[in-house]
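The following paragraphs lead the reader through the domains of a protein chain and then through part of its sheet. Please keep the structure in view while reading.

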Amino acid sequence: MAKQIDLHDVAHSELEMRSRYTTRVKACSSTACLSAGAGPVRQALEQAAEREDINSDIQVVPTGCMGMCSSGPLVRVEPRGAEPTMYADVTPDIATRIIREHVVVRKLIDEHVLDEDQPFFSRQRKIVLGNAGRIDPERIEDYVAEGGYQALAYVLSDLAPEEVVEVIDDSGLRGRGGAGYPTAKKWDMLRRAEATPKYLIANGDEGDPGAYMDRTIMEDDPHRVIEGMIIAAYATGASRGYIYVRAEYPTAVERLERSIRVARRQGLLGRNILGSDFDLQLEVRIGAGAFVCGEETALIASIEGRRGTPSLRPPYPTERGLWGQPTMVNNVETLANVPAIIANGADWFGEVGTPKSKGTKVFALAGSLVNTGLIEVPMGITLREIVFDIGGGIENDGVFKAAQSGGPSGGCLPANLLDSPVDYESLRELGSMMGSGGLVVMDDTMRMPDVARFYMEFCRDESCGKCAPCRTGTVQMHALLDRICEGVGRKRDLQHLESLCRTVRQTSLCGLGQSAPNPVVSTLDHFRHEYVDLLVPDVTYNGEAPAVPPRPEAPDPTLPTKGGAR
Amino acid sequence: MAEARTAERAAQDESHPSGDERFGLLDKTLRKTRYEQDQLIEVLHVAQDIFGHLSEDILIYLARQLRLPPSRVYGVATFYHLFSFTAPGRHSATVCMGTACFVKGAEEITQQLELTYDVRAGETTEDGELTVSTARCVGSCGLAPVVLVDGVVTSHQTVESTLANVGEVVAQESTEASA
């Protein structure tokens, strides 16, 4: 039997170790900051700390995402017993100065200080991202010191599986992948399934272009995902779990694999977890670039090593899933919520958010905003608060035009809907959807038909080809949008487009096809005039033929499409 | 006995019957995954890492080794975007086409790259110097628009800066080659 970790011991010695340092300097080492040059910054911090550090009381900690990616690389100085300070746009030179001036002689480098009281930070509420930017994701001790794996220990010693499901039910947690299905319902279905073995899958195939919430959770706090999975498996009776991650996220894969190995060595995975009689094996599986694999039945096919094409439901995976066995697919963010809910109770979780959509949601805030980055906000916050308080408004004093949520399955919300709350029901009523959490803000230089065409091109390329409405419908809709955007579309093209939207939505096999028309429908709802303005006026027989531009050749669908990493 | 088997394995690793030691590397992965058929995607990833791209020979080899019909291996390999069947160029320019980058003008950058190097996204120039491609989203949306030049992220790009960066790496190689 593997060695059992003593959580209290580990937490205690870790906290003691931390308290030995007078200053801890945290360097954001997330993908966004690394692309902005965080690697050399961390080196400079470490070298400077080594040079200045006579009593070795400075610790440089590489952490995950601190949130404000547009101001990266970020560095946070945390002196013992004093207020922390965050620095933005740090270069290696500034990093050296931070150690020399701030840490050693307590003189702030004012021009790079980032005010942490500004709405970008104060309006957020962090549950899932509680540890992101605060701990070293590669050290389990850091996670345990923040209370990690306590929820698991409590569940294994004090709760029966059905009681765990009950807590999740009381909390009102809903799927964070976008559709918002009640998590406890899914768990209960798998728990009641009789066939064994049962499987649990964490869906980390985040394909929405412009979204990186799940990646950040997996990279910055891998143990939180693992703990959530162990609790879910215990509650449902699953004996094997898979984390399906996009191949485009090598760091997430590496960290998850390493964390699984560490957890296994510490007796948190494998046989007799924490001395109980519960066993669970976890494994990471890598995708290979197919958006449709985010759909649960396609994801299951991909884990089986087949083409990722979806299949008809029912039977739902909870009846017949991976290798014909009962299987549950949960989004990574959903699972990451679980340890906090167990640790703090369902009521605590229910206090955040709205009566129907409880808790928080992580968004990747991008586009024409002053502040962009990763945010976690309570459900029910208004779009206006996100765009103007957290996002700081439109950059270059531009004018807000629309906010796009839900990626290629979602829709655009115009300025007059800025005060609508962000929750599952409200967004769906307005013709958009929560989606996995991509939120792209556009200013008035953007033409909405172009946006619709962009998403349709994406859906066309990503359609798996299994069902005709999606395979051919997306090609036709894209061709029609292309004509309209190029200024050679006619009224009839627009009518065709609208009727195709209805057909594809109603007759496609899976969510990809059913939601592919959403960006078109929602931009038509709110910005119809932009489409109409682009149309060629119909021929009028007043003796004078209007000048009509020539029709372009229809795109040849057999040619390799541009777009898509091939 | 066990020693003899280990020695035999070591010998196998060194020289593959095909005479191409890269197949030995591939065999190692196959053994590690216990020739499980559901590990096909993983094995294809490794094969592409080793060989640079997936040729027909490799696909047939994997089909034999995993006891899968070649149609299944071919079907899976062609389904997923990340698998490539042509050799990549010496340099690469990948334009991120995530929504954030699109909003900030990535499409124009792609078009100009395509025009300048006379290729379509996903293709390699005739001299094998440069592969121009697009990516879905590299997740650095705060730095949009983003272009990866030889895998290095360059942020807040314009058409001019991208063409300059790409031109620089391509030119570098040629001078080294001629020197």
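**Domains and a central strand**

Between the C-alpha centres of domain 2 and domain 3 of chain A there is a distance of 28 Å, the domain bounds being taken from an automatic or database domain assignment. That assignment divides chain A into domain 1 (19–120), domain 2 (147–350), domain 3 (360–446) and domain 4 (449–534). This is a predicted model, in which local features need pLDDT of at least 70 and side-chain atom pairs count only at pLDDT 80 or more, while totals for chains, interfaces and linings use all residues. Residues are numbered from 1 along each chain as its sequence is written, and chains are lettered from A and ligands numbered from 1 in the order in which they are written.

In chain A, 14 residues of domain 2 are in contact with 17 residues of domain 3 (C-beta atoms, placed from the backbone, within 7 Å).

Strand 7 (residues 240–245) of chain A has five of its six residues buried, so it is largely enclosed by the rest of the structure. Buried here means that 20 or more other C-beta atoms lie within 10 Å of the residue's own, with C-beta atoms placed from the backbone. Strands are DSSP runs (E, at least two residues), numbered from the N terminus.

Strand 7 of chain A runs parallel to strand 6 (residues 199–204) of chain A, to which six bridges join it. Six bridges also join strand 7 of chain A to strand 8 (residues 281–286) of chain A, again in parallel. A:Tyr244 stands opposite A:Asn203 and also opposite A:Arg285 in strand 8 of chain A.

Definitions and conventions. A residue is buried if 20 or more other C-beta atoms lie within 10 Å of its own, exposed if 12 or fewer, and partly exposed in between; C-beta atoms are placed from the backbone. Helices (H or I, at least four residues) and strands (E, at least two) are DSSP runs, numbered from the N terminus. Two strands pair if DSSP finds at least two bridges between them. Two residues are in contact if their C-beta atoms, placed from the backbone, lie within 7 Å.
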